[in-house]
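Please look first at the place where the ligand is held, and then at the chain around it. The paragraphs that follow take the ligand and its surroundings first and a few individual residues afterwards.

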Amino acid sequence: MSETLFTKIVKREIPADILFQDDRVTAFRDIHPQAPSHVLIIPNKPIPSVNDVTPEDEAVLGYLFVVARKLAEQEGVAESGYRLLINCGDDGGQEVYHLHMHLLGGRPLGRMVARA
Ligand code: 5GP
(Lines give C-alpha, C1' and ligand atoms only; values in the text may rest on other atoms or scores of the structure.)
Protein backbone atom coordinates (compact mmCIF):
# COMPACT_ATOMS: atom_id res chain seq x y z
CA MET A 1 0.00 0.00 0.00
CA SER A 2 1.43 3.40 -0.95
CA GLU A 3 1.75 6.02 1.78
CA THR A 4 -0.77 8.84 1.86
CA LEU A 5 0.17 12.38 2.76
CA PHE A 6 -1.61 11.92 6.10
CA THR A 7 0.80 9.09 6.96
CA LYS A 8 3.60 11.52 6.18
CA ILE A 9 2.00 14.11 8.50
CA VAL A 10 1.85 11.48 11.28
CA LYS A 11 5.57 10.83 10.78
CA ARG A 12 6.19 14.60 10.57
CA GLU A 13 7.78 14.19 7.16
CA ILE A 14 5.58 16.99 5.78
CA PRO A 15 4.40 20.03 7.74
CA ALA A 16 0.97 20.41 9.30
CA ASP A 17 -0.53 22.44 12.13
CA ILE A 18 -0.64 19.55 14.59
CA LEU A 19 -2.89 20.17 17.61
CA PHE A 20 -2.53 16.78 19.25
CA GLN A 21 -0.44 13.64 18.83
CA ASP A 22 0.20 10.53 20.87
CA ASP A 23 1.05 6.94 20.01
CA ARG A 24 -2.43 6.23 18.59
CA VAL A 25 -3.91 9.40 17.11
CA THR A 26 -2.84 12.62 15.38
CA ALA A 27 -5.00 15.74 14.94
CA PHE A 28 -4.17 18.70 12.71
CA ARG A 29 -5.89 21.64 11.04
CA ASP A 30 -7.40 21.06 7.61
CA ILE A 31 -5.45 22.94 4.94
CA HIS A 32 -8.72 24.16 3.33
CA PRO A 33 -10.99 24.85 6.31
CA GLN A 34 -14.74 24.61 5.68
CA ALA A 35 -15.55 26.27 9.01
CA PRO A 36 -13.74 28.57 11.50
CA SER A 37 -12.56 25.43 13.27
CA HIS A 38 -11.78 22.47 10.99
CA VAL A 39 -9.59 19.77 12.45
CA LEU A 40 -8.77 16.31 11.05
CA ILE A 41 -8.42 13.53 13.62
CA ILE A 42 -6.76 10.38 12.34
CA PRO A 43 -5.54 7.06 13.66
CA ASN A 44 -1.77 6.84 13.28
CA LYS A 45 -2.37 3.39 11.78
CA PRO A 46 -3.08 3.90 8.06
CA ILE A 47 -6.58 2.41 7.75
CA PRO A 48 -7.57 3.50 4.20
CA SER A 49 -11.32 3.94 4.77
CA VAL A 50 -14.27 2.77 6.83
CA ASN A 51 -14.52 -0.11 4.34
CA ASP A 52 -11.22 -1.40 5.71
CA VAL A 53 -12.10 -1.24 9.41
CA THR A 54 -11.69 -4.50 11.34
CA PRO A 55 -12.69 -5.50 14.88
CA GLU A 56 -9.13 -4.85 16.05
CA ASP A 57 -9.62 -1.18 15.17
CA GLU A 58 -12.50 -0.72 17.63
CA ALA A 59 -10.39 0.77 20.40
CA VAL A 60 -8.59 3.37 18.29
CA LEU A 61 -11.79 4.38 16.50
CA GLY A 62 -13.51 4.92 19.85
CA TYR A 63 -10.50 6.92 20.97
CA LEU A 64 -10.98 9.28 17.99
CA PHE A 65 -14.16 10.46 19.75
CA VAL A 66 -12.32 11.01 23.04
CA VAL A 67 -9.76 13.17 21.24
CA ALA A 68 -12.53 14.94 19.28
CA ARG A 69 -14.30 15.86 22.50
CA LYS A 70 -11.10 17.30 24.00
CA LEU A 71 -10.30 19.25 20.83
CA ALA A 72 -13.84 20.64 20.63
CA GLU A 73 -13.31 22.07 24.11
CA GLN A 74 -9.85 23.36 23.19
CA GLU A 75 -11.23 24.99 20.03
CA GLY A 76 -14.01 26.64 22.03
CA VAL A 77 -16.86 24.98 20.11
CA ALA A 78 -18.03 22.42 22.67
CA GLU A 79 -20.85 24.63 23.94
CA SER A 80 -21.93 26.11 20.60
CA GLY A 81 -21.84 22.73 18.87
CA TYR A 82 -19.93 21.07 16.07
CA ARG A 83 -20.05 18.26 13.54
CA LEU A 84 -17.97 15.09 13.34
CA LEU A 85 -17.84 13.68 9.83
CA ILE A 86 -16.18 10.70 8.14
CA ASN A 87 -16.31 10.42 4.35
CA CYS A 88 -15.99 7.01 2.69
CA GLY A 89 -15.30 6.28 -0.95
CA ASP A 90 -16.01 8.25 -4.11
CA ASP A 91 -19.67 8.98 -3.48
CA GLY A 92 -18.87 9.89 0.12
CA GLY A 93 -16.42 12.51 -1.17
CA GLN A 94 -13.31 10.91 0.35
CA GLU A 95 -10.15 12.45 -1.08
CA VAL A 96 -7.44 11.05 1.17
CA TYR A 97 -7.42 7.30 1.77
CA HIS A 98 -6.25 7.39 5.35
CA LEU A 99 -9.37 7.23 7.50
CA HIS A 100 -10.01 10.58 9.17
CA MET A 101 -12.67 12.29 11.23
CA HIS A 102 -13.46 15.93 10.44
CA LEU A 103 -14.26 18.19 13.40
CA LEU A 104 -16.12 21.26 12.11
CA GLY A 105 -17.41 24.12 14.22
CA GLY A 106 -17.44 27.83 14.92
CA ARG A 107 -20.47 28.68 12.76
CA PRO A 108 -23.94 27.28 12.20
CA LEU A 109 -23.35 24.33 9.87
CA GLY A 110 -26.91 23.72 8.74
CA ARG A 111 -28.33 20.25 8.56
CA MET A 112 -25.56 18.96 6.26
CA VAL A 113 -22.18 20.15 4.99
CA ALA A 114 -22.15 21.16 1.32
CA ARG A 115 -18.75 21.22 -0.34
CA ALA A 116 -17.87 23.05 -3.53
P1 5GP B 1 -11.85 13.90 2.69
O2 5GP B 1 -12.50 14.56 1.52
O3 5GP B 1 -10.92 12.81 2.27
O4 5GP B 1 -12.83 13.47 3.75
O5 5GP B 1 -11.01 15.03 3.40
C6 5GP B 1 -9.68 15.28 3.09
C7 5GP B 1 -9.35 16.61 3.72
O8 5GP B 1 -7.95 16.73 3.77
C9 5GP B 1 -9.88 17.81 2.95
O10 5GP B 1 -10.75 18.57 3.78
C11 5GP B 1 -8.62 18.57 2.57
O12 5GP B 1 -8.78 19.97 2.64
C13 5GP B 1 -7.60 18.05 3.56
N14 5GP B 1 -6.23 18.05 3.08
C15 5GP B 1 -5.82 17.63 1.86
N16 5GP B 1 -4.48 17.75 1.76
C17 5GP B 1 -4.04 18.25 2.95
C18 5GP B 1 -2.75 18.58 3.45
O19 5GP B 1 -1.71 18.43 2.80
N20 5GP B 1 -2.69 19.07 4.72
C21 5GP B 1 -3.81 19.23 5.48
N22 5GP B 1 -3.64 19.72 6.72
N23 5GP B 1 -5.05 18.92 5.04
C24 5GP B 1 -5.16 18.44 3.79
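A polar contact, as the term is used here, is a pair of N or O atoms within 3.5 Å, and within protein one of the two must be able to donate a hydrogen and the other to accept it. The model is a predicted one, and its distances are to be read in that light. An example within the protein is offered by Asp30, since a polar atom of the Asp30 side chain lies 2.8 Å from the backbone nitrogen of His32. Asp30 itself belongs to the loop that runs between S2 and strand S3 (37-43), and it counts as buried because its relative accessibility is 15%, where the cut-off for buried is under 20%.

Asp30 also leads to the ligand, for it is one of the closest of the 17 residues that surround the ligand, together with Asn87, Glu95, His100 and His102. By type, the residues of this shell divide into seven nonpolar, six polar and four charged. Several polar atoms of the protein can be followed towards the ligand one by one. From the side chain of His102, a polar atom lies 2.8 Å from an oxygen atom of the ligand; from the backbone of Val96, a polar atom is 3.0 Å from a ligand oxygen; and a backbone N or O atom of Ile31 lies 3.3 Å from a nitrogen atom of the ligand. Of the 520 Å² that the ligand exposes when taken alone, the protein buries 88%.

The site can also be described by its elements. The ligand sits in the largest pocket, and the elements that give two or more residues to the shell around it are helix H1 (5-10) and strand S2 (25-29). The largest share comes from H1, with three residues.

Helix H1 also contains Ile9, which is buried because its relative accessible area is 5%. Although Ile9 and Thr26 are 17 residues apart along the chain, their C-alpha atoms are separated by 8.5 Å.

Beyond the helix, in the loop between H1 and strand S1 (18-21), comes Arg12. What is its phi, given that Arg12 is not a glycine? Most residues other than glycine have a negative phi, whereas the phi of Arg12 is positive, at about 60°. Arg12 counts as exposed because its relative accessibility is 55%, and the cut-off for exposed is over 50%.

Conventions: Residues numbered from 1 in each chain as written. Predicted model: local features only at pLDDT ≥ 70, side-chain atom pairs only at ≥ 80, totals over all residues. Heavy atoms only, no water. Near = heavy atom within 4 Å. Areas by Shrake-Rupley, 256 points an atom, 1.4 Å probe, with all protein chains shown as cover. 1 Å grid on protein atoms, 1.4 Å probe; cavity = no way out; pocket = protein on both sides within 12 Å on 5 of 7 lines; lining within 4 Å. Sits in = over half its atoms within 2 Å of the grid points. Helix = DSSP H or I, 4+ residues; strand = E, 2+ residues; numbered from the N terminus. Nonpolar A, V, L, I, M, F, W, Y, C, P; charged D, E, K, R; others polar. Buried < 20%, exposed > 50% of the residue type's maximum accessible area, 1.4 Å probe, protein only.
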